[in-house]
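Visitor: I am new to this structure and would be grateful for a close look at one part of it. Please take the place where the two chains meet, and then continue to other parts that merit attention.

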Protein chains: 2
Amino acid sequence: MSKKKNNQLSALESLGNEVVKQINKGKNPEIPVPIRALSNVEFDEKTKTVKLGNKIAARYFFNVAHAKKFLQTLEVASISKNLLKEEKHASLRDVFYMAKRTIPGTKVNIVDEQTESDSVLEDLELVTDLSREQLHVNANKNGSVAGKVVIEDKGDTIDWSKLGSGGWSIPSNVENIKFKKVAGKYILYMEKAAVWERLHEDKFWDKQNCIIMSSQGQATRGIRRLLQRLTKEYNIPVYVLTDLDSWGHYIYSVIRFGSINLASLSEKMAIPDVKHLGIHTADIGKYKLEKHLIKFKDTDLSRLKQIREYPWFKDNKEWQKEFIALKNLGAKAEIQALSSRGISFISDTYLPEKIKNKDFLY
Amino acid sequence: MSKKKNNQLSALESLGNEVVKQINKGKNPEIPVPIRALSNVEFDEKTKTVKLGNKIAARYFFNVAHAKKFLQTLEVASISKNLLKEEKHASLRDVFYMAKRTIPGTKVNIVDEQTESDSVLEDLELVTDLSREQLHVNANKNGSVAGKVVIEDKGDTIDWSKLGSGGWSIPSNVENIKFKKVAGKYILYMEKAAVWERLHEDKFWDKQNCIIMSSQGQATRGIRRLLQRLTKEYNIPVYVLTDLDSWGHYIYSVIRFGSINLASLSEKMAIPDVKHLGIHTADIGKYKLEKHLIKFKDTDLSRLKQIREYPWFKDNKEWQKEFIALKNLGAKAEIQALSSRGISFISDTYLPEKIKNKDFLY
């Protein structure tokens, strides 16, 4: 077992040892768990990411309100320890089923709903300072990548520029990938697989010397870590292409600042210098997309209002200007609206122009 | 341009020429469109697939109820012709935006909603006898594959056994893939990407000499065609692994018999000899999954009732027995319930046993 794995194991074992020590001393066993709630989330001006505050709550075994969660925390820690020992990875759903068993001598299940095991796993990430991936629990897998990059993964050498029309399927866990050769002036992440196929067919990454990556909607944790590793280790800028709407803006927000749910992980996941390439309100007139706007519904407006108020957007003048312009527009626009200008307008004109002119929101 | 492409182009051109001929003769231009509705869908006992009947409706230009659809049909045919000529592919959303323009001299759009362009595209498939893929319009891309298969795609040679933890990302269009080497006793398609990652980590395809493939939920058209090509061209059986519920059964139903919406395409897409491997009601007791059942809600029961009544299931004794057993069980079960027996129970015990004993539903 590698040294890295050993450190992960010992973080889990010291959690268990601490509990045993307390029991031997005749104390009420407790686990200190940082509070995961908006009340304990702050925006770190220095790192420019969403961060968890210092508030901690103790979880006691002898406390009717805590006992079950205490047990669940140790159960999930034990499942994770076994996964590490067996060198295997499980999904969140797997962990739920592994934890879902009756407490001996009772008719009570350790967990009844997946939300319970998910929640204690998030606690465990904080308690051990290990990410879910390091605890060998994987998130969903989705997305493809292409570009002039060669990696080594599980003993295979994989050239992202030689994978036909499909590209490499991005796994849920990219921690152990080794980069052998990385070329590319930038990485373009887009929220739609269909747009990725368009750019791939146009050999966009080859012509523009870049890397193209996509999932469907929110970037998976695997993708966020892959983006972060490439930008940190090779200093390649990341540009994000989304629809012009609040969901698109939130996809960007999560990649850049981290998410509220996983504020503790911002350091491992956020990419503070990622740029938003489009679609911007200013693109509508510039690229003649007026006829392809989709009028706002109530939900669009309320989501826009929420996002404007996020601490990390609140003092950002550029973004506030964009949010107001979007509100005044009263409509959203999709990336594919560009197809109205011609099937390869996006590859031949829109993207090269935007990138050349550094027409980003940041 | 290849001969195949030329045939596709001439199918579209003869549609246009026919309309021009009618105009020149002073006739009311018409396009004969097969009716796409349950009333014109039948189960073909010979090919064992869902099939479109012979009912045809003429679509007239000089008919207030038809005029717009007539125009839309020709517009989408023209978009497809341009895609073929440019040798490019578009998504359904792209086609919508390309068709969404004002009719000159009016304020009326050719299409206002994507459902309109989608619908005439489905008509066009019937009129021209070309699939959406042959018309160069791609469906969504999703899914991964691994196994001892080497393909050639877009000039790249891709070995599905040497792609690390990610696998090959399956494109939306697999018509032009060339198989260079195909080994494997069977193909296992599963409805969950997380299960695929489990089997891949366990090197299941290597140990069992098979091919593993997955998307998320319903198999995409790209996957269905890939499964069909492999089974037809290399005579490899396909096994499907789904949750034990009506949605899982419908995933199997679509792969085996074709879908109601695309009944005309069954010949190109259906795989009449595909087997359903699990999860079966009989597995619940056999593999001790009783504690992991999820109680039926009303929607589960009503969907089960619908599926039982499908003509292609109605006279199938094995499946009817399973549907009744599921109704009596009054609960569903997920593939991941097997994880309660151990993280690799599925790879080490469940799948090998089921396959060895030919414990399939068919």
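Guide: In this predicted model, 42 residues of chain B are in contact with 42 residues of chain A. On the side of chain B that touches chain A, the elements giving two or more residues are α2 (67-86), β5 (90-91), α3 (92-99), β9 (156-159), β10 (168-169) and α5 (193-201) of chain B. The residues on that side of chain B comprise 13 nonpolar, 17 polar and 12 charged.

Chain B also contains helix α13, residues 317-329. At 1.5 Å a residue, its 13 residues should span 18 Å, and the end C-alpha atoms are indeed 18 Å apart, so the expected and computed lengths agree. Within α13(B), the buried residues include B:Trp319, B:Glu322, B:Phe323 and B:Leu326. These four cover an arc of only 100° around the axis, and therefore lie on the same side of α13(B). An α-helix has 3.6 residues a turn, so residues three or four places apart point the same way. On the other side of α13(B), B:Lys317 and B:Asn328 are exposed. The packing partners of the buried residues of α13(B) are three helices of chain B: α10 (281-286), α11 (298-309) and α12 (311-314). After α13(B) comes B:Gly330, with a positive phi near 65°.

In chain A, attention may turn to a pair of strands. Strand β2 (residues 41-44) of chain A pairs with β3(A) in the antiparallel sense, over 4 bridges. One of the residues involved is A:Phe43, whose bridge partner in β3(A) is A:Val50. The hairpin of β2(A) and β3(A) has 4 residues between the strands, and A:Lys48 there takes a positive phi near 60°. Strand β3, residues 49-52 of chain A, is covered on both faces. A:Thr49 and A:Lys51 are buried on one side, while A:Val50 and A:Leu52 are buried on the other. A:Val50, the bridge partner of A:Phe43, is thus described both by its pairing and by its burial.

A contrasting case in chain A is A:Asn24, which is located in helix α1 (residues 3-24). A:Asn24 counts as exposed because it has 8 C-beta neighbours inside 10 Å, and a residue with 12 or fewer is classed in that way. Between A:Asn24 and A:Leu135 there are 27 Å in space, C-alpha to C-alpha, and the two are 111 residues apart in sequence.

Technical notes. Residues numbered from 1 in each chain as written. Chains lettered and ligands numbered in written order. Predicted model: local features only at pLDDT ≥ 70, side-chain atom pairs only at ≥ 80, totals over all residues. Buried ≥ 20, exposed ≤ 12 C-beta atoms within 10 Å, placed from the backbone. Pairing = 2+ DSSP bridges. Contact = placed C-beta atoms within 7 Å. Nonpolar A, V, L, I, M, F, W, Y, C, P; charged D, E, K, R; others polar. Expected span 1.5 Å × (residues − 1). Arc of directions from axis to C-beta.
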